[in-house]
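Here are some short exercises to work through with the model open beside you. Try each task before you read the solution.

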Amino acid sequence: MTEEPRKNTKTQFALAIAQGISVAGWARANGVPTRTAFRWAKDPSVRKAVESIRRRTIDQAIGK
């Protein structure tokens with residue numbers, strides 16, 4: 001697997017986690033091994049992306 005598709009997959013994963021979708025549920029729906037998804041969930045770059053997405057969402061909600 002090349003780096004670009006994996007990065008896009010991790011971005012979609014972070015977005016799903018920020019929206020409250022379970023790690024296992026996302027993994028099943030996207031054909032990613034559950035163990036891999038849980039490892040990604042611990043990845044600092046993914047955690048940072050989740051927090052950033054959540055922060056932007058809250059900022060947008062407060063701004064309206």
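**Exercise 1. A capped start**

Task: Find which backbone nitrogen a side-chain oxygen of Asp-43 reaches at the start of H4.

Solution: Bear in mind that this model is predicted. Go to the start of H4 and look at the side chain of Asp-43. One of its oxygens comes to within 2.8 Å of the backbone nitrogen of Ser-45.

**Exercise 2. The overall layout**

Task: Work out how many helices and strands the protein chain has, and in what pattern they follow one another.

Solution: Begin by counting: the chain holds four helices and zero strands. Reading along the sequence then gives the pattern α-α-α-α. To round off the overview, buried residues account for 23% of the 64 residues.

**Exercise 3. The span and sides of H4**

Task: Compare the span of helix H4 with the expected one, then decide which of its residues are buried and which are exposed.

Solution: Start with the length. H4 runs over residues 44-63, which is 20 residues. From first C-alpha to last it reaches 28 Å, close to the 28 Å expected at 1.5 Å a residue.

Next, pick out the buried positions in H4: Val-46, Val-50 and Ile-53. They sit on the same side of H4, because they cover an arc of only 65 degrees around the axis. Finally, turn to the other side of H4, where Pro-44, Arg-47, Lys-48, Ile-58, Ile-62 and Gly-63 are exposed.

**Exercise 4. Val-23 and the face of H2**

Task: Is Val-23 buried or exposed? Place it in its helix and find which other residues of H2 are buried.

Solution: First, locate Val-23 in helix H2. Its relative accessible area is 15%, and buried means under 20%, so Val-23 is buried. The buried residues of H2 are Val-23, Trp-26 and Ala-27. Seen down the axis of H2, they fall within an arc of 100 degrees and therefore line one face of the helix. On the other side of H2, Arg-28 and Ala-29 are exposed. Just after H2 comes Gly-31, with a positive phi of about 65 degrees.

**Exercise 5. How H2 meets H3**

Task: Describe how helices H2 and H3 pack, giving the angle, the distance between axes and the handedness.

Solution: Take H2 as residues 23-30 and H3 as residues 34-42. Their axes are 9 Å apart and the packing angle is about 130 degrees. That angle makes H2 oblique to H3. The crossing of the two helices is right-handed. As a last step, trace the C-alpha atoms of Val-23 and Thr-36: these residues are 13 apart in sequence and 9.8 Å apart in space.

Definitions and conventions. Residues numbered from 1 in each chain as written. Predicted model: local features only at pLDDT ≥ 70, side-chain atom pairs only at ≥ 80, totals over all residues. Heavy atoms only, no water. Expected span 1.5 Å × (residues − 1). Buried < 20%, exposed > 50% of the residue type's maximum accessible area, 1.4 Å probe, protein only. Arc of directions from axis to C-beta. Polar contact = N/O pair within 3.5 Å; in protein donor to acceptor, adjacent residues only side chain to side chain. Axes fitted to C-alpha atoms, helices over the stretch in contact; angles between N-to-C directions. Parallel < 35°, antiparallel > 145°, perpendicular 65-115°, else oblique. Left-handed = near helix turned anticlockwise from the far one by under 90°.
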